[in-house]
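Thank you all for coming; I would like to walk you through one structure this morning, taking the links between its parts before its cores and its sheets. Please have a look at it on the screen before I begin.

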Amino acid sequence: YIAINIYPTTIQQDFNISMAARKNNKYLCSAVVSWILVLAAFATPSALSQNLRQQQQQRRRQLQSYVDPKTVETKQQQDAADDEFKYGVTGYDSYQKIKTAFPLDNTSREQQLLSNLRYVTFGTSHTWGAGLVDREHQAYSYVLSPKVSNLAIRAQKYEYPSSCFETTIKENVYDVAIVESTQLMGKEDLLLLQKLRQRFPDLIIIYLRHFSAVSLAWKWNNSSSTLPKETLLSQWAPKYAPGLHHNNEDQSLLFLEKMKEFQQQHDSEGQWQIQGGFNDNRFVQEFPKLQDKFGSNTYLVDLFAGTNNYIELMERYATFTQNDYYHPSVVGHANYAKAIQHVVLRALKLNNYPADNPRVEPFETHDSCVNWFNPEMNLNSDDDLFTTKGFVKECFSENKCSYELVGEKEQKEQLAASLTVTNPATVAQNLAISFMATNPNHPSISYPRTEVWTSHNTNNVKIAEPASVTQYGTRNVHVTESLSLGQIPPGPVTIYFRPLTTNMNTQTNKPFRLVSYMITGDAIHLKTYQSYDGVHVFSL
């Protein structure tokens, strides 16, 4: 400090002397000497001040650490969290760490912001809240916010929201989107993420993988014609753990003990395994590519990745599922909501999400769709968009319907029916329908194969195969399938239906059931099961 204070005075004095030398030559020598001193003065304080600055910065850090050690520690933790939780939650250990790094404090500003964010959730019956007593309070979507837009569709996946994005989203604006899956991604998942990011460039997108014990099975090493190749946990439990429920907190430990005992007794004969992609580590491994494509505010929540010890998985997550081993329980939904909140909190703290004014871009493509299975997703009233002949609207519940093909009176012997829709665009668009379907030889439901064609192209007759769902192995499923009908011109177009089998006398035979149609500006991506290694069971 002495050097800094003295040198400026010396410099100013010598500058004055040099100026006076212009008037008086007797000061010339003194001026030359003074300027030499000036140059020395400039050189010396530069080196000294740099050392002083370094010492002061070091001292400041020491004092700061001494006075408030948490300040430095928190910064270091956040820097580590920025890297460690870059992709969200990628397993059990990751989840434990993010809870510590980004705790949920009900009195904090962040917690208040969390409750005010606008959430939208996409998924299947998991996200919808199937099996819950009070889904509108217990499902994770509503735990996040009672004002959430829960756009999950039971017995369907993402063909509808990805193809009918404008119809689904409407003019709503969202801060956080959760896309649920239990398996690897398909084209329709990626298309949905792409459209979400295009519409909402700042959106926090979370891809949520649920734990499901439905595909946990005992795999026999040497099966014979009299022994199965595998025994599903749901089949194993009644025989080897009778009266015990895996998801009951009081009974889950006893249930696990039965699993361990069975493993010890039959260790040389087989092992516990999870079929397909439910515990596929490739998802976590490939997720960085997904984040590169859709931006840093794209995250994964996968609590159960990274372990092949299925007893350990059940110890941690048995209570996450209901008695069907598949749908999340109240405990599961509550934990998924917490995990999502931790990741959202990380995004708010480290990515500076503009919650006050997020960007919203115009829709890139336009569509006109109707879904009777989830009518809350429709943009307009049903009556404004289509007319039917030979169909009767039947509902499974208050808001879960389909159109059953009963045939026109004048063509009763052929059971013919039609649906007239309108392409509102000025250009050709793509058309597809969705209908109810089952696996082959379903014990209680049988839908007829049905011919489908349009008035625009009467020679292009396609077959709706409602009993061809084979991607679920030997399980009995009741789901929706989609059929692309190609492009249609602007204006009204009629779709014709004619079942190839008309025997409706037995209890198992049901009429053809139509659940939605889609008119979209881009190609309709139907289910791509070849990219899914897991088994996804839907139920009505």
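Let me start with a question: is the link of Cys164 and Cys369 left-handed or right-handed? With -85° about the S-S bond, that link is left-handed, and I should say straight away that what we are looking at is a predicted model. The two sulfur atoms of Cys164 and Cys369 lie 2.0 Å apart, and both cysteines are buried. Cys164 sits in the loop between helix H9 (159–163) and helix H10 (165–169), while Cys369 belongs to strand S10 (residues 367–371), so this disulfide ties together parts that are 205 residues apart in sequence.

A search of the whole structure finds two disulfides, and the other one joins Cys395 to Cys401, again with an S to S distance of 2.0 Å. Here the angle about the S-S bond is 90°, and the link is right-handed. Cys395 counts as partly exposed because its relative accessibility is 43%, whereas Cys401, at 4%, counts as buried. If we number the bonded cysteines of the chain in sequence order, the pairing reads 1-2, 3-4.

Let me now step back to the chain as a whole. Its secondary structure comes to 16 helices and 20 strands, and of its 540 residues, 49% are buried. Among the contacts between residues at least 6 apart in sequence, 78% join residues that are at least 24 apart. The chain exposes about 26,300 Å², and carbon and sulfur atoms supply 49% of that area.

Turning to the interior, the largest nonpolar core has 60 residues, and the members that touch the most other members are Ile206, Leu233, Phe255, Met259, Trp272 and Met314. Helix H16 (residues 330–350) gives the most to this core, with nine residues. If you would like one residue to look for on the screen, take Trp272, whose contacts, leaving aside residues up to four places away in sequence, include Leu216, Trp218, Leu233, Trp236, Met259 and Tyr310. There is also a second, separate core of 30 residues, and Leu405, Ala417, Leu485 and Val493 are included in it.

That brings me to the sheets. In one of them, six strands form an open sheet with parallel pairing, in the order S1-S9-S5-S4-S2-S3. Strand S1 (88–90) and strand S3 (149–150) stand at its edges with a single partner strand each, so one side of each is left without a neighbour in the sheet. Within this sheet, strand S2 (residues 119–122) and strand S4 (residues 176–181) run parallel and are joined by four bridges, with Thr121 standing opposite Ile178 in S4. Helix H11 (residues 187–199) packs on the sheet, where it touches S2, S4, strand S5 (204–209) and strand S9 (298–302), and the direction of H11 makes about 160° with that of S5.

Another open sheet is formed by five strands in the order S11-S14-S19-S16-S17, and there the pairing is antiparallel. Its edges are strand S11 (386–389) and strand S17 (457–464), each with a single partner strand, so one side of each has no neighbour in the sheet. On average, and with direction ignored, neighbouring strands of this sheet are turned by 20° against each other. Four bridges join S11 to strand S14 (residues 417–423), the two running antiparallel, and Thr387 stands opposite Thr420 in S14.

Methods. Residues numbered from 1 in each chain as written. Predicted model: local features only at pLDDT ≥ 70, side-chain atom pairs only at ≥ 80, totals over all residues. Heavy atoms only, no water. Disulfide = S-S within 2.5 Å. Buried < 20%, exposed > 50% of the residue type's maximum accessible area, 1.4 Å probe, protein only. Contact = heavy atoms within 4.5 Å. Areas by Shrake-Rupley, 256 points an atom, 1.4 Å probe, with all protein chains shown as cover. Core = buried A, V, L, I, M, F, W, Y, C linked by side-chain atoms within 4.5 Å. Pairing = 2+ DSSP bridges. Axes fitted to C-alpha atoms, helices over the stretch in contact; angles between N-to-C directions.
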